[in-house]
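Biologist: Could you walk me through this structure at an easy pace, and may I interrupt with questions as we go?

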Amino acid sequence: MIRLFKFLKPFKVFIACVLVLVFFQTLADLYLPTLMSDIVDKGIMKGDTNYIWKMGGFMLLIAAGGTICAIIATFLSSKAAMGLGTILRSKVFNRVESYSLHEFDKLGTSTLITRTTNDITQIQTVTMIIMRMMVSAPMMAIGGIVLAFLKDKYLTLVFAVAIPVLAGAITLLAIKGMPLFKLMQVKLDKINLVLRENLTGIRVVRAFNRIDHEQARFEEANIDLTNNYIKVNRIMAFLMPALMLIMNITSVAILWFGSLRIDNGDMQMGALIAFTQYAMQIMYSMLMVSMMFIMVPRAQAAAVRINEVLDTTPGISDAAEIKEANEKRGFLEFKNVTFSYHGAEQPALSNITFSAKPGEVTAIIGGTGSGKSTLVNLIPRFYDVDSGSVLVDGVDVREMLQEALRSKIGFVPQKAVLFSGTIAHNIRYGKVEATDEEIRHAAEVAQAKEFISEMSSGFEHEIAQGGINISGGQKQRLSIARVLVRKPEIYIFDDSFSALDFKTDAKLRAALKNETADATVLIVAQRVGTVMDADRIIVLDEGQIAGMGTHRELLNSCEVYREIVSSQLSEEELA
Ligand code: ADP
Ligand code: MG
């Protein structure tokens with residue numbers, strides 16, 4: 001947690017002010033009982049009304065001063081703590097944005113969300129409390145003991161019994177409570193995970209009538225968290241009355257022995273009143289410390305999780321020496337590329353070698369899981385190769401600026417992703433400064449114009465979060481349009497025509513031909529019809545190239561391709 005406090009730097013002045021203000025507030029708190037005892041002993045006991053008025057007024061002034069200090073301190077400490085939260089959130093967010101897909105695979109989305117929200121809130125709360133207590137708790141405890149001692153030496157002996165008992169009780173409960181508090185964040189993660197899966201997969205849940213199952217799953221996570229809370233609260237429920245009991249017994253003891261001393265004439269009435277109040281202050285400061293025992297471990301656990309996010313360095317970052325791509329445009333080359341996912345036993349791709357140049361269409365075909373998506377994901381450097389190299393415009397992608405590399409590429413992912421906003425907004429995502437005309441043209445080429453014009457507000461139609469209010473094929477066409485406005489050097493379509501009917505597929509590819517005439521095009525597809533007229537077809541099988549060539553060549557030479565073709569043709573013939 002200490003490491004995270006370095007982000008408090010911009011609030012140095014605030015924190016200094018808070019510490020000073022809390023110092024004065026505590027000073028006032030410590031001074032008030034002494035004033036009170038003076039009023040009792042020198043005013044009330046002697047019947048000096050004047051003195052009572054004078055000192056009473058002074059007391060009010062001190063009390064008001066203390067309150068004002070407390071209010072300003074609260075205000076400033078909130079500002080500093082919230083500021084810390086803001087900084088941490090943006091740090092975590094920026095770090096997560098820079099992650100490569102490997103890191104996402106490793107950490108998982110749900111926990112990243114909890115870490116950015118709840119964990120940081122924990123830190124924020126504790127920071128505020130620490131700022132206030134750091135000064136006041138020790139000052140009150142030590143100051144209280146010293147002042148009480150000055151009032152009456154013998155009565156302080158009561159503390160010799162009370163304080164160890166209180167400290168013992170607090171320690172015992174802290175030991176029991178701390179592990180439970182640390183578990184809280186992990187259990188919260190679990191709830192988030194179940195909730196997220198449910199919300200995104202609601203259709204599947206409904207279709208398979210698994211609502212009961214999902215409810216049970218959520219219930220389990222929920223009850224798990226609840227039980228943890230209950231356990232913690234049981235401890236707290238025991239802690240508070242126990243502390244109160246100890247405090248009250250202490251008060252009774254003080255009054256008991258104090259009145260004996262007053263009877264003997266060893267002590268004055270006012271001194272006893274002040275003494276009781278100091279006793280309360282001492283106990284109260286210990287109570288605050290016990291609260292810290294409970295809050296800090298939880299925040300500590302949160303801090304560890306946040307640090308984990310901040311410490312995870314992106315596996316993919318720009319090289320120290322950036323190489324500019326030369327004059328070449330749209331040249332793509334795979335040289336003996338082998339790649340495996342973290343933790344996978346077998347490489348997802350091995351020994352892939354091919355090249356493509358502008359004006360050419362390269363198609364990649366193969367069964368599901370054969371590594372087609374993996375192959376195209378290497379081009380924008382979503383992952384780094386294990387061996388071999390991927391070259392774009394003659395330069396290894398690892399030696400290029402990621403931004404420069406990605407600006408050359410128009411990538412249509414297998415799973416079309418749209419953002420909430422209008423259709424025009426989504427297409428413009430590909431090129432911020434695109435004109436309305438460019439957007440209309442892109443939509444037309446992507447065969448999206450028809451369904452857009454059927455919508456009541458056309459290009460201004462609002463897409464819901466995740467694009468759930470349009471069909472899968474419409475989503476695919478919009479994500480194609482988004483790439484078309486970009487006019488990149490290299491187009492990559494990862495199974496982007498799978499949700500289109502044969503007719504639209506054919507029309508779209510015909511229109512694309514003109515649009516992408518000077519560009520390098522990579523089409524990943526399942527259908528033979530989609531790839532048939534490509535300049536080069538790469539047949540992938542279990543991460544290896546099983547054959548490469550034109551449709552005709554492959555029909556003669558490649559067994560895997562022949563199987564694919566015959567399976568689909570017979571299907572069509574049957575239909
Ligand atoms: P295709 O696109 O041809 O259907 P993929 O390239 O998506 O196939 O997957 C190839 C192989 O890599 C599969 O065996 C799959 O299980 C594995 N794989 C894909 N993505 C990941 C990932 N993020 N982490 C680990 N393994 C993966
Ligand atoms: Mg795929």
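Modeller: Happy to, and we will talk about rings, a metal ion, helices and a few single residues, keeping in mind that this is a predicted model.

Biologist: Let's start with the rings, then: how many aromatic pairs does a search of the whole structure find?

Modeller: The search finds 13 aromatic pairs. One of them joins Phe 334 and Phe 354, whose ring centres are 4.9 Å apart and whose planes lie at 15°, so this pair counts as stacked, the cut-off for stacking being under 30 degrees.

Biologist: And where in the chain do Phe 334 and Phe 354 sit?

Modeller: Phe 334 belongs to strand S1, which covers residues 332-339, while Phe 354 belongs to strand S2, residues 349-356, and the pair links distant parts of the chain, 20 residues apart.

Biologist: Is Phe 334 buried or exposed?

Modeller: Phe 334 is buried, with a relative accessibility of 0%, and Phe 354 is buried as well, at 4%.

Biologist: Which way round do Tyr 341 and Tyr 383 meet, stacked or edge-to-face?

Modeller: Tyr 341 and Tyr 383 form an edge-to-face pair, with 5.2 Å from centre to centre and 90° between the planes. Tyr 341 lies in the loop between S1 and S2, whereas Tyr 383 lies in the loop between helix H9 (372-377) and strand S4 (387-392), which puts them 42 residues apart. Tyr 341 is partly exposed at 28% relative accessible area, but Tyr 383 is buried at 6%. Together with Phe 339, these two tyrosines form one aromatic cluster.

Biologist: What lies over the face of Phe 502?

Modeller: That is Arg 527, which is placed 4.5 Å from the ring centre of Phe 502.

Biologist: Changing topic, which residues coordinate the magnesium ion?

Modeller: The magnesium ion, ligand 2, is coordinated by Ser 373 through OG and by Gln 414 through OE1, at 2.0 to 2.2 Å. Ser 373 is in helix H9 and Gln 414 is in the loop between strand S6 (409-412) and strand S7 (421-422), so the two tie together parts that are 41 residues apart in sequence. Gln 414 counts as partly exposed, at 43% relative accessibility.

Biologist: Now the helices: at what angle do H2 and H8 pack?

Modeller: Helix H2 (residues 49-98) and helix H8 (residues 269-311) pack at about 40°, with their axes 9 Å apart. That angle makes H2 oblique to H8, and H2 passes H8 in a left-handed crossing.

Biologist: How does H5 run relative to H8, roughly parallel or oblique?

Modeller: The axes of helix H5 (residues 157-200) and H8 come within 8 Å and cross at roughly 25°. Because angles under 35 degrees count as roughly parallel, H5 is described as roughly parallel to H8, and the crossing of H5 and H8 is right-handed.

Biologist: Last topic, the single residues: what is the phi of Asn 351?

Modeller: Phi of Asn 351 is near 50°, which is a positive value in a residue other than glycine. Asn 351 is found in strand S2 and is partly exposed, at 48% relative accessibility. Asp 495 also has a positive phi near 50°, and Asp 495 lies in the loop between strand S9 (490-494) and helix H15 (502-515), where Asp 495 counts as buried at 6% relative accessibility.

Technical notes. Residues numbered from 1 in each chain as written. Chains lettered and ligands numbered in written order. Predicted model: local features only at pLDDT ≥ 70, side-chain atom pairs only at ≥ 80, totals over all residues. Heavy atoms only, no water. Phe/Tyr/Trp six-rings, centres within 6.5 Å; stacked < 30°, edge-to-face > 60°. Helix = DSSP H or I, 4+ residues; strand = E, 2+ residues; numbered from the N terminus. Buried < 20%, exposed > 50% of the residue type's maximum accessible area, 1.4 Å probe, protein only. Lys NZ or Arg CZ within 6 Å of the ring centre and 35° of its normal. Donors = N, O, S within 2.8 Å, 3.2 Å for Na, K, Ca; no water. Axes fitted to C-alpha atoms, helices over the stretch in contact; angles between N-to-C directions. Parallel < 35°, antiparallel > 145°, perpendicular 65-115°, else oblique. Left-handed = near helix turned anticlockwise from the far one by under 90°.
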